[in-house]
Amino acid sequence: IAKSGKAVETAGDIDTLLLDKTGTITIGNRRATNFHTGSGIPEEQFIVYAALSSLADQTPEGKSILELAETKGIRCSKTGGMEFIEFKAETRSSGVNTPEGLRIRKGAADAIKLMVMKAGNIFPVQVSEKVKSIAGNGGTPLVVSVNNEVKGVIELQDIVKPGIQERFQRLRKMGVKTVMVTGDNPLTAKYIAEKAGVDDFIAEARPEDKMQ
């Protein structure tokens with residue numbers, strides 16, 4: 001609420017509106033919709049890896065991965081000796097180290113790619129193509145690796161808020177440009193931006209980038 005003439009005057013001078021994607025342009029709480037296995041690994045085994053990597057993930061996305069796994073008949077639980085790796089903006093990944101020696105990681109495709117290639121392993125072309133396909137359709141791909149070897153991709157989907165395009169059209173007529181800011185990769189960001197009807201977008205923005 002504007003409580004001074006200065007605030008009203010400033011509001012009248014606005015010509016660009018920066019909007020966070022999740023919860024503003026989209027409904028938020030992206031949900032896991034599909035498991036895409038890499039070559040040479042049974043689907044059931046990949047789902048187990050995906051579920052284990054999400055046991056300590058308290059985000060709605062992480063919980064939805066466990067829920068989707070359960071619909072496939074896979075239910076995992078925490079056991080003694082597990083070391084959980086929390087998500088960090090620097091690594092853009094999280095996961096678990098198991099007592100059996102498995103280092104399972106789940107994260108952004110570019111972050112996992114860097115991790116596996118540093119270990120001297122390849123990032124499979126099949127997985128790379130699946131990542132592009134998911135992102136091109138507005139989804140968010142999370143790549144899963146085990147001991148620095150890629151095992152597959154988890155697909156998350158977000159939903160654009162109903163009626164948001166019309167709101168942005170009204171702002172455009174008022175001379176206000178809308179820009180969506182998101183941590184998503186450029187392909188996903190482009191799809192959501194076009195679907196929402198914003199004028200421009202900034203992709204791969206970390207929390208501190210958004211504030212700047």
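These legends go with a set of views of one predicted model.

**View 1. The whole chain, with 8 helices and 9 strands.** Start here to get your bearings before zooming in. The C-alpha trace covers about 65 × 35 × 35 Å along its principal axes. Of the 212 residues in the chain, 40% are buried. Take the contacts between residues at least 6 apart in sequence: 59% of them join residues at least 24 apart. On the outside, the chain exposes about 11,900 Å², and carbon and sulfur atoms supply 52% of that area. As for charge, there are 29 positive and 27 negative ones, and their mean positions sit 2 Å apart.

**View 2. The aromatic pair of phenylalanine 35 and phenylalanine 46.** Searching the whole structure turns up 1 aromatic pair. Here phenylalanine 35 and phenylalanine 46 meet edge-to-face, with 6.3 Å from centre to centre and 80° between the planes. The pair ties together distant parts of the chain: phenylalanine 35 belongs to strand S2 (residues 31-37), phenylalanine 46 to helix H2 (residues 43-53), and the two are 11 residues apart. Both phenylalanine 35 and phenylalanine 46 are buried.

**View 3. Lysine 151 and the residues it touches.** Look for lysine 151 in strand S7, which runs through residues 149-157. Is this lysine 151 buried or exposed? Lysine 151 counts as buried because its relative accessibility is 18%, and the cut-off for buried is under 20%. Leaving aside residues up to four places away in sequence, lysine 151 touches Thr37, Gly38, Ile41, Phe46, Tyr49, Val144, Ser145 and Val146. One of these contacts, Phe46, will be familiar from the previous view, where phenylalanine 46 pairs with phenylalanine 35.

**View 4. Lysine 78 over the ring of phenylalanine 84.** This close-up holds a lysine and an aromatic ring. Lysine 78 lies over the face of phenylalanine 84, and the distance to the ring centre is 5.4 Å.

**View 5. Proline 124 in the loop between two helices.** The loop in this view joins helix H4 (109-118) to helix H5 (125-136), and proline 124 lies in it. Proline 124 has a relative accessible area of 21%, so it is classed as partly exposed; buried would need a value under 20%. For a partner to look at alongside, pick lysine 113: proline 124 and lysine 113 are 11 residues apart in sequence and 9.4 Å apart in space, going C-alpha to C-alpha.

Note on methods: Residues numbered from 1 in each chain as written. Predicted model: local features only at pLDDT ≥ 70, side-chain atom pairs only at ≥ 80, totals over all residues. Heavy atoms only, no water. Helix = DSSP H or I, 4+ residues; strand = E, 2+ residues; numbered from the N terminus. Buried < 20%, exposed > 50% of the residue type's maximum accessible area, 1.4 Å probe, protein only. Contact = heavy atoms within 4.5 Å. Phe/Tyr/Trp six-rings, centres within 6.5 Å; stacked < 30°, edge-to-face > 60°. Lys NZ or Arg CZ within 6 Å of the ring centre and 35° of its normal. Areas by Shrake-Rupley, 256 points an atom, 1.4 Å probe, with all protein chains shown as cover. Lys, Arg positive; Asp, Glu negative; His and termini not counted. Charge placed at Lys NZ, Arg CZ, Asp CG, Glu CD.
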